[in-house]
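Reader: I am new to this structure and would like a close look at a single part of it. Please start from one residue and work outward, so that I can follow along.

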Amino acid sequence: MAEAERLARVEAYEEIRQLAARYALALDSRDVPTLASLFVDDVQTGDGGVGRDALARWFDPVLRPYGITFHLIGNHIIDFVDDDHATGVVYCRPEHEVGDLWVVMPMQYWDRYERRDGRWYFRSRKPKVFYAADVQEHPLKVADRYNFPGNPLITKAELPEKWVSWQEFWSRTGSE
């Protein structure tokens, strides 16, 4: 890879990382217009709509059940498909004020990114949850590791069981 190509790739990595950080900030500050602007202009919404305006309308009621939220992100893995498309996994430890509960929900976002007109956007984000529990609850003592009342997007914990490598590891006896 030539020097210019390497530099362009490093810049793409950083722009995608900033995209994930801007998403967390927009969520927590309830800046719905900025949140929607981080997605491709023909994004498909959770209710079948298309476009950033539709996404902003979809996000508004999704965010209203929560008071304070806090999304801490890290461990961002980015894999390029080509110069204009990439996939990624972003670890996130969000906290949500839900009535009298303070729900902690370690998760990953499984992302698809797309570059248009020289700028990177989300094509899609799919949250995958390890557990959700009130900060005073032990996650393994919560039914199905999931206690997040009224969450319209996520209804169950899927990780780590969803990983094929996890399933394969635990299917072996350990002496193999």
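Author: A good place to begin is Tyr113, which lies in strand E4, and it should be said at once that the model in view is a predicted one. With a relative accessibility of 1%, Tyr113 counts as buried, because that value falls under the 20% cut-off for the term. Its side chain is joined to that of His76 by a polar contact of 2.9 Å. If one looks from Tyr113 towards Lys162, 49 residues away in sequence, the two C-alpha atoms are found 22 Å apart in space.

Tyr113 also belongs to the largest nonpolar core, a set of 40 residues in which Tyr23, Phe39, Phe59, Met105, Tyr113 and Phe148 touch the most other members. Several elements contribute at least two residues each to this core, namely the helices H1 (3-29), H2 (32-37) and H3 (52-63), together with the strands E1 (69-82), E2 (85-98), E4 (107-116) and E5 (119-129). Helix H1 gives the most, with 7 residues.

Tyr23, another of the core residues named above, can be followed through its contacts. Leaving aside neighbours within four places in sequence, Tyr23 is in contact with Leu35, Leu38, Phe39, Phe59, Tyr109, Phe122 and Arg125. Of these partners, Phe39 and Phe59 are also listed among the core residues that touch the most other members.

Tyr109 leads on to His71, since Tyr109 appears among the residues that His71 touches. His71 is found in strand E1, and its relative accessible area of 13% is under 20%, so His71 is classed as buried. Its side chain makes a polar contact of 2.7 Å with the side chain of Asp28. Not counting residues up to four places away in sequence, His71 touches Ala24, Leu27, Asp28, Cys92, Arg93, Pro94, His96 and Tyr109.

Met105, also named among those core residues, offers a way to Asn151, because Asn151 is in contact with Tyr66, Met105 and Tyr146 once neighbours within four places in sequence are left aside. Asn151 sits in the loop between strand E6 (133-134) and helix H4. Although placed in a loop, Asn151 is buried, with a relative accessible area of 11%. Its side chain reaches the backbone nitrogen of Ile154 at a distance of 3.0 Å.

Helix H4, which covers residues 164-171, contains Trp166. Here the relative accessible area is 34%, which lies between 20% and 50%, so Trp166 is described as partly exposed. Together with Phe169 and Trp170, Trp166 forms a nonpolar patch on the surface, and the three residues have about 370 Å² of accessible area together.

Finally, these parts can be placed within the whole protein. Its secondary structure comes to 4 helices and 6 strands, and along the sequence they follow the pattern α-α-α-β-β-β-β-β-β-α. Buried residues make up 40% of the 176 residues, and of the contacts with a separation of 6 or more, 53% are between residues 24 or more positions apart. The C-alpha trace spans about 50 × 50 × 25 Å along its principal axes, while the accessible surface comes to about 10,400 Å², with 52% of that area belonging to carbon and sulfur atoms.

Terms used: Residues numbered from 1 in each chain as written. Predicted model: local features only at pLDDT ≥ 70, side-chain atom pairs only at ≥ 80, totals over all residues. Heavy atoms only, no water. Core = buried A, V, L, I, M, F, W, Y, C linked by side-chain atoms within 4.5 Å. Buried < 20%, exposed > 50% of the residue type's maximum accessible area, 1.4 Å probe, protein only. Contact = heavy atoms within 4.5 Å. Polar contact = N/O pair within 3.5 Å; in protein donor to acceptor, adjacent residues only side chain to side chain. Patch = residues over 30% accessible without salt bridge, like charges linked within 9 Å, V, L, I, M, F, W, Y side chains within 5 Å. Areas by Shrake-Rupley, 256 points an atom, 1.4 Å probe, with all protein chains shown as cover. Salt bridge = Lys/Arg side-chain N within 4 Å of Asp/Glu carboxyl O.
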